[in-house]
Amino acid sequence: MCLGGIVSRELLRFVQQKERFLSALVRPLVWLFIFAAGFRSVLGVSIIPPYDTYVLYEVYVTPGLAVMIQLFNGMQSSLSMVYDREVGSMRVLLTSPFPRWYLLFSKLVAGVAVSLAQVYVFLAIARLWEVEMPPIGYLAALPAFVLTGLMLGAIGLVISSLIRQLENFASVMNFVIFPMFFASSALYPLWRIRESSELLYLVCLLNPFTHAVELVRNALYGVFEPTAFLVVSGTAIVFFALAVIAYDPGRGIMGRRGGPKGEAT
């Protein structure tokens, strides 16, 4: 009941906020329609897994742009968590008898449900732009999108536990979203990065967003990438555990602050 209520509430909020839906699509579509078209001749991609032939640049970046939607959605969900924790419904739920881990997991699932709608609309538009994946890939990639959404949402939950005021959210996001996105394989293959900087290559390998992109990229072509799966799964579990601890009123960050808004509990 609680899970269904939180998910339906997030979906209803998403439907009512049409500008949120449009803004989620603007960023990846700008990259796909403008940057990818301009860089097509400069950044051609050689034959690398999971591709069995040379691909155009827009074909290469599409999986990364889809995961970028989930990245921004995960951070947007954490922003709403900050608000709900202070004055919204989550403030009440956090004082309910439901376990904290269950409430946070429900919030994660709700965020993933919203991101999936955005991702598949983007993939449909990309297909109209002649960026086509194998038809079975759209279905095969669904578990990968769910897992990457859970990982990015869990990271967002941990961040939301560290933010005390909404005014500080934008500056914190600049230190999370852009480094994660640009220091990854979303826009360029890792072998190109390695040619220019071994250090940056290692940073990209350590970036969980890189493995999220590769998990989705391979899944869209019906290929299972075990290393990416283990990294994404492990990161999701670790950050979710950290979020549960952070929101624990007895031992977490929220507890040391005295509850959702700083009151004694």
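Visitor: Which word fits Glu 130, buried or exposed?

Guide: Start with the scale: buried means under 20% relative accessible area, exposed over 50%, and partly exposed in between, with a 1.4 Å probe and protein chains only. Glu 130 has 68% relative accessibility, so it counts as exposed. Please keep in mind that this is a predicted model, where local features need pLDDT of at least 70 and side-chain atom pairs count only at pLDDT 80 or more, while totals for chains, interfaces and linings use all residues. Residues are numbered from 1 along each chain as its sequence is written, and side-chain values use heavy atoms, with hydrogens and water left out.

Visitor: Where is the place of Glu 130?

Guide: Look in the loop between α5 (100-128) and α6 (135-162). The helix names come from DSSP runs numbered from the N terminus: H or I of at least four residues for helices, E of at least two for strands. Glu 130 is not a glycine, yet its phi is positive, about 70 degrees.

Visitor: How many helices and strands does the protein have?

Guide: There are 13 helices and zero strands. Of the 265 residues, 51% count as buried.

Visitor: I would like to follow one helix. How many residues of α11 are buried?

Guide: Twelve of the twelve residues of α11 are buried, so this helix is largely enclosed by the rest of the structure. Among them are Pro 208, Phe 209, His 211 and Ala 219. From first C-alpha to last, α11 reaches 17 Å, close to the expected 16 Å; the expected span is 1.5 Å times one less than the number of residues.

Visitor: What happens at the start of α11?

Guide: There, a side-chain oxygen of Asn 207 comes to within 3.0 Å of the backbone nitrogen of Phe 209. Phe 209 also lets us compare sequence with space: Val 231 is 22 residues away along the chain, but the two C-alpha atoms are 9.6 Å apart. Val 231 belongs to helix α12 and is partly exposed, with a relative accessible area of 26%.

Visitor: How many salt bridges does the structure hold?

Guide: A salt bridge is a side-chain nitrogen of Lys or Arg within 4 Å of a carboxyl oxygen of Asp or Glu. By that rule the structure holds two. One joins the side chains of Glu 214 and Arg 217, at 3.3 Å from N to O.

Visitor: Why are Glu 214 and Arg 217 about one helical turn apart?

Guide: An α-helix has 3.6 residues a turn, so residues three or four places apart point the same way. Glu 214 and Arg 217 are three residues apart in helix α11, and therefore about one helical turn separates them. Glu 214 is buried at 18% relative accessibility, and Arg 217 is buried at 0%. The other pair is Arg 194 with Glu 198, whose closest N and O atoms are 3.3 Å apart. Here Arg 194 is partly exposed at 44%, and Glu 198 is partly exposed at 40%.

Visitor: Which side chain does Ser 160 meet in a polar contact?

Guide: A polar contact is a pair of N or O atoms within 3.5 Å; within protein, one must be able to donate a hydrogen and the other to accept it, and residues adjacent in sequence count only if both atoms are side-chain atoms. Ser 160 joins Tyr 247 in this way, side chain to side chain, at 2.7 Å. Ser 160 lies in helix α6 and is buried, with a relative accessible area of 0%.

Visitor: Now for empty space. What lines the second largest pocket?

Guide: On a 1 Å grid over the protein atoms alone, a cavity is a set of points where a 1.4 Å probe fits but cannot get out, and a pocket is an open set with protein on both sides within 12 Å along at least five of seven lines; lining residues have an atom within 4 Å of a point. The lining of the second largest pocket includes Pro 49, Leu 190, Thr 210, Glu 214 and Thr 227. Helix α11 gives the largest share, four residues. About 150 Å³ of space lies in this pocket, a volume being the space filled by probe spheres set on grid points that are joined across faces, edges and corners.

Visitor: And how many cavities of 30 Å³ or more are there?

Guide: The structure holds two. The largest cavity has about 90 Å³ of space. Of its 13 lining residues, the closest to the centre are Gly 74, Ser 77, Leu 108, Gly 111 and Gly 153. Helices α3 (57-86), α5 and α6 each supply at least two residues of that lining.
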